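Trainee: I am new to this structure and would like a close look at a single part of it. Please begin with one helix, and then go on to strands and to residues inside them.

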Amino acid sequence: MKTYSLTDEQILTQLQEIAKDHGIDLTHEIATITKKLEDNAASTAKVWEKVELARHADRPRTLDYIHLIIDDFVELHGDRYYSDDSAMVGGIGFLDGIPVTVIGNMKGRNLKETIDRNGGMANPEGYRKALRLAKQAEKFGRPIITFIDTQGAYPGLGSEERGIGEAIAVNLREFSQLKTPIICIVIGEGGSGGALGIGVGDKIYMLENAIYSVISPEGCASILLRDSARAKDAAVMLKITAKDILGMKVVNGIIKEPEGGAQNNPKMAAEAIKKQIKDDLEKLMKKSPSILVKYRNKKILEMGVFSE
């Protein structure tokens with residue numbers, strides 16, 4: 001026997017019809033459900049505002065933060081297997097005198113740049129480039145900073161043929177074992193495996209208006225809710241805001257943004273990021289490589305573990 005569950009909207013409509021047709025006083029019940037619907041609408045609007053801010057066209061990108069935070073930055077190219085991938089950028093520079101390696105997803109600012117950078121969705125060569133730079137950083141004892149901002153890895157045919165799944169999986173394994181400090185920051189969208197491919201670190205942070213999710217709200221709405229137009233509802237279900245992710249202990253903290261979003265004052269946002277990185281590096285660089293790896297893996301294994 002099939003069972004069907006009614007939505008709050010349907011229950012409210014039925015109660016209103018019963019009250020009208022049979023003269024029954026259901027004022028309290030109707031008021032309770034109406035209040036619930038209003039609260040849900042307000043919550044949905046607040047979450048969707050975060051999604052829009054995370055995707056804002058003027059929001060600072062990875063290279064913007066690199067140029068504001070890192071001195072003498074030199075971008076490095078290529079994965080030494082197939083080609084370079086402009087959707088993933090990386091290189092070396094100095095953070096107040098500390099030599100560091102920086103890696104990040106790079107979205108475009110206009111139509112041409114978005115096409116050139118594939119919307120920030122990296123192919124396998126992007127993740128292999130990231131791993132090459134991370135291994136180089138380990139070899140020379142440089143801390144690694146990653147900036148995460150992507151809807152996900154590119155799911156095209158060529159990407160699949162060249163092993164996008166394997167490339168991300170290898171990164172997850174190798175980043176977990178790198179014997180150098182790693183700090184990851186979600187600056188915009190942290191989408192699915194595309195984010196995880198450079199998202200394994202000793203410390204992981206999100207900007208206040210960033211989002212982090214296993215799938216985009218639109219994708220979730222299409223698959224689970226059977227209606228892509230319900231992306232806003234899906235965003236609430238996914239719990240993708242920085243506050244939600246911090247509550248699940250997936251990230252270590254939230255970095256505050258300027259009023260109205262990082263796009264309103266990129267320099268202030270960069271200064272907040274830089275301060276957090278410096279504070280962490282001061283502690284992480286004092287730890288032995290084996291201790292770093294031990295506690296990084298402990299953190300990874302504790303994700304998703306809960307008790308009732």
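**One helix, then the strands**

Mentor: In helix α10, which covers residues 231–238, the residues A231, A234, A235 and L238 are buried, meaning under 20% relative accessible area, where over 50% is exposed and partly exposed lies in between (1.4 Å probe, protein chains only). This is a predicted model, in which local features need pLDDT of at least 70 and side-chain atom pairs count only at pLDDT 80 or more, while totals for chains, interfaces and linings use all residues. Residues are numbered from 1 along each chain as its sequence is written, and side-chain values use heavy atoms, leaving out hydrogens and water.

When α10 is viewed down its axis, the buried residues fall within an arc of 105° (taken from the directions from the helix axis to the C-beta atoms), so they line one face of the helix. An α-helix has 3.6 residues a turn, so residues three or four places apart point the same way. After α10 comes K239, whose phi is positive, near 55°.

Around this helix, the protein as a whole has 13 helices and 8 strands, which are DSSP runs numbered from the N terminus (helices H or I with at least four residues, strands E with at least two). Of the 308 residues in the protein, 46% are buried. Among contacts (heavy atoms within 4.5 Å) with a separation of 6 or more, 71% join residues 24 or more positions apart.

From the helix we can turn to strand β3, residues 98–105, which is largely enclosed by the rest of the structure because 6 of its 8 residues are buried. Strand β2, residues 88–95, pairs with β3 in the antiparallel sense over 8 bridges, where pairing requires that DSSP finds at least two bridges between the strands. F94 stands opposite P99 in β3, and in the hairpin of β2 and β3, which has 2 residues between the strands, D96 takes a positive phi near 50°. β3 also pairs with strand β4, residues 144–150, here in the parallel sense over 4 bridges, and the bridge partner of G104 in β4 is F147.

A closer look within β3 brings us to N105, a residue of that strand. N105 has a relative accessible area of 0% and is therefore buried. Leaving out residues up to four places away in sequence, N105 touches T62, A87, M88, G120, Y127, F147, I148, D149, T150, G194 and I198.

Strand β6, residues 203–207, can be read in the manner of β3: 4 of the 5 residues of β6 are buried, so β6 is largely enclosed by the rest of the structure. Strand β5, residues 182–191, pairs with β6 in the parallel sense over 4 bridges, and C184 has I204 as its bridge partner in β6. β6 pairs in the parallel sense with strand β8 as well, which spans residues 253–255, over 3 bridges, and for Y205 the bridge partner in β8 is G253.

To finish with a residue in another helix, S159 has its place in helix α6, residues 157–161. With a relative accessibility of 1%, S159 counts as buried. Its contacts, again without residues up to four places away in sequence, are with N123, P124, Y154 and I164.
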